[in-house]
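I am opening my notebook to go through this structure one topic at a time. I will write down what I looked up in whole sentences, so that I can follow the steps again later.

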Amino acid sequence: MAAAPGIVPPYLLARIAAVQEEGWARAAEAARSTLAAPREYRPARSRLRLSIQEPGTLVAEATPAPDREISDAQQREVLPGVRVRGEDDPASGDASVDEAYDGLGATYDFWWDAYARDSVDGSGGSLLATVHYGRDYDNAFWNGERMVFGDGDGEVFRGFTRSLSVIAHELAHGVIEDEGGLLYRGQSGALNESVADVFGALAEQHREGQTVDEASWLIGEGIFTDAVEGTALRSLAAPGTAYDDDVLGNDPQPAHMRDYVETRDDNGGVHINSGIPNHAFYLTAKALGGHAWERAGLIWYRALTSGALPSTADFTTFARATLAAAAAEYGEESEEVDAVRAGWTGVGVITDDGEAES
């Protein structure tokens, strides 16, 4: 059975596992345990919204609502754990439980408000999460059924529920799977990671009401401790700059095809080369301005949900799918098509006429 995709790349965990510094002994042991731990992959409610419209008319509208359930693994590597909070339950007082609950709610609201998608499956399916997975577990992952969050080792990583982009990234893996999936290897695997990063970033921007220019474009901001020289796991705006630490090394993500990394590690570099399509999305969103989820995000969503995207799609195939989605949504001669084309040419995936770069 395949391993579930995790937010922390295996190459970074391997680097931490090899650390010899006495002050990071716990982190090194935690990384070794995290790498060894199994991550098996196992392939509606409503709410009332009130608004006041002119001239002072109260309008009631029933809209879908999330159905969340948070479980506690109690530092064991056994799923699902003990149920500790469900929909409409009061706050538990456990920060990880409540962060996961609130984060799933914010992510649900993003998908519904932006794309009228009702949960992961589009049909109001329950949002399941487990926190306190393992002891000092340095990762978060989607296992095909639920989102799973470790607490971190306290020396390199803090708890993974602190970051909405992490929570939304893992939920996005479920959306990708529901839409037919992207094979988790090579370029299709890098696209899988990239699409999850894109919607992870957009969910965070949606919650904060941020425009393209106001957003940080970081994935996992705040999950590193103060001992690490870095701001996040990845940056869509500037791949390769998320961290630069004497012990952990440099963020290895490329932003252009000329720097594409050929490797057998990390399922063919899925967490590394995802920087290229990540940056293509950023360039597209930057060119369009405003709220990135409204046009750039919609184009990516339409491409993902078109039903025509093969599970083995490479970067060029996905670029063409986004161009087709932009043309269908906004017209062949639209600024949206121009922005998408500029995004993919800017990272060296296609030429100006839409052909693959040689």
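Before I turn to the end of a helix, I note what the word covers here: a helix is a DSSP run of at least four residues, and helices are numbered from the N terminus. I also note that this is a predicted model.

**Entry 1: confidence**

I looked up the confidence of the prediction and found a mean pLDDT of 90 for the protein, with 91% of its residues at 70 or more. Over residues 44-48 the pLDDT stays under 50, and for this stretch the model has 22 contacts beyond four places in sequence.

**Entry 2: helix 9**

I began with helix 9, which covers residues 315-330 and has 16 residues. From its first C-alpha to its last it reaches 22 Å, close to the 22 Å expected at 1.5 Å a residue.

What caps the N-terminal end of helix 9? I found Asp-314 there, with a side-chain oxygen 3.3 Å from the backbone nitrogen of Thr-316. After the helix comes Gly-331, whose phi is positive, near 105°.

I then checked which residues of helix 9 are buried, and the list includes Phe-315, Phe-318, Ala-319, Thr-322, Ala-325 and Ala-326. A general rule helps me read such a list: an α-helix has 3.6 residues a turn, so residues three or four places apart point the same way. The buried residues of helix 9 are covered by elements that include helix 5, helix 7 (275-288), helix 8 (296-304) and helix 10 (335-346).

**Entry 3: the nonpolar cores**

Which residues have the most contacts inside the largest nonpolar core? I noted Phe-157, Phe-199 and Trp-344, in a core of 95 residues. Apart from it lies another core, of 7 residues, among them Ala-37, Tyr-137, Phe-141 and Val-148.

I followed Trp-344 further and, leaving aside its neighbours within four places in sequence, I found it in contact with residues that include Pro-277, Ala-280 and Trp-300. Phe-315, Phe-318, Ala-319 and Thr-322 are also among the contacts of Trp-344, and these four belong to the buried residues of helix 9.

**Entry 4: two neighbours in helix 5**

I moved on to helix 5, which covers residues 186-208 and holds Gly-189, while Ser-188 is found in helix 5 as well. Is Gly-189 buried or exposed? Gly-189 counts as buried because its relative accessibility is 0%, which lies under the 20% cut-off. Ser-188 also counts as buried, at 5% relative accessibility.

Not counting residues up to four places away in sequence, Gly-189 touches Leu-183, Tyr-184 and Val-270. With the same kind of neighbours left aside, Ser-188 is in contact with Leu-182, Leu-183, Ser-311, Thr-312 and Ala-313. I also looked up a pair that is separated in sequence: Gly-189 and Asn-267 are 78 residues apart along the chain and 7.6 Å apart in space, C-alpha to C-alpha.

**Entry 5: backbone angles**

I searched the backbone for unusual entries and noted that the peptide bond from Leu-79 to Pro-80 is cis, with omega near 10°. Pro-80 has its place in the loop between strand 3 (68-72) and strand 4 (82-86), and Gln-75 is in the loop between strand 3 and strand 4 too. Phi of Gln-75 is near 65°, a positive value in a residue other than glycine, and Gln-75 is partly exposed, with a relative accessible area of 35%.

Asp-266 also has a positive phi, near 55°, and its place is in helix 6 (residues 266-269). Asp-266 is buried, with a relative accessible area of 11%.

**Entry 6: what the record lists**

Finally I consulted UniProt, where an unreviewed entry lists residues 93-177 as "domain: Peptidase M4". Over residues 93-177 I noted 41% helix and 13% strand, with the end C-alpha atoms 33 Å apart. For "domain: Peptidase M4 C-terminal", UniProt lists residues 181-349, again in an unreviewed entry. Over residues 181-349 the chain is 46% helix and 5% strand, and the end C-alpha atoms are 21 Å apart.

How values were computed:
Residues numbered from 1 in each chain as written. Predicted model: local features only at pLDDT ≥ 70, side-chain atom pairs only at ≥ 80, totals over all residues. Heavy atoms only, no water. UniProt positions renumbered as here; feature names shortened; annotations may be inferred. Helix = DSSP H or I, 4+ residues; strand = E, 2+ residues; numbered from the N terminus. Buried < 20%, exposed > 50% of the residue type's maximum accessible area, 1.4 Å probe, protein only. Contact = heavy atoms within 4.5 Å. Core = buried A, V, L, I, M, F, W, Y, C linked by side-chain atoms within 4.5 Å. Expected span 1.5 Å × (residues − 1). Polar contact = N/O pair within 3.5 Å; in protein donor to acceptor, adjacent residues only side chain to side chain. pLDDT = per-residue confidence, 0-100.
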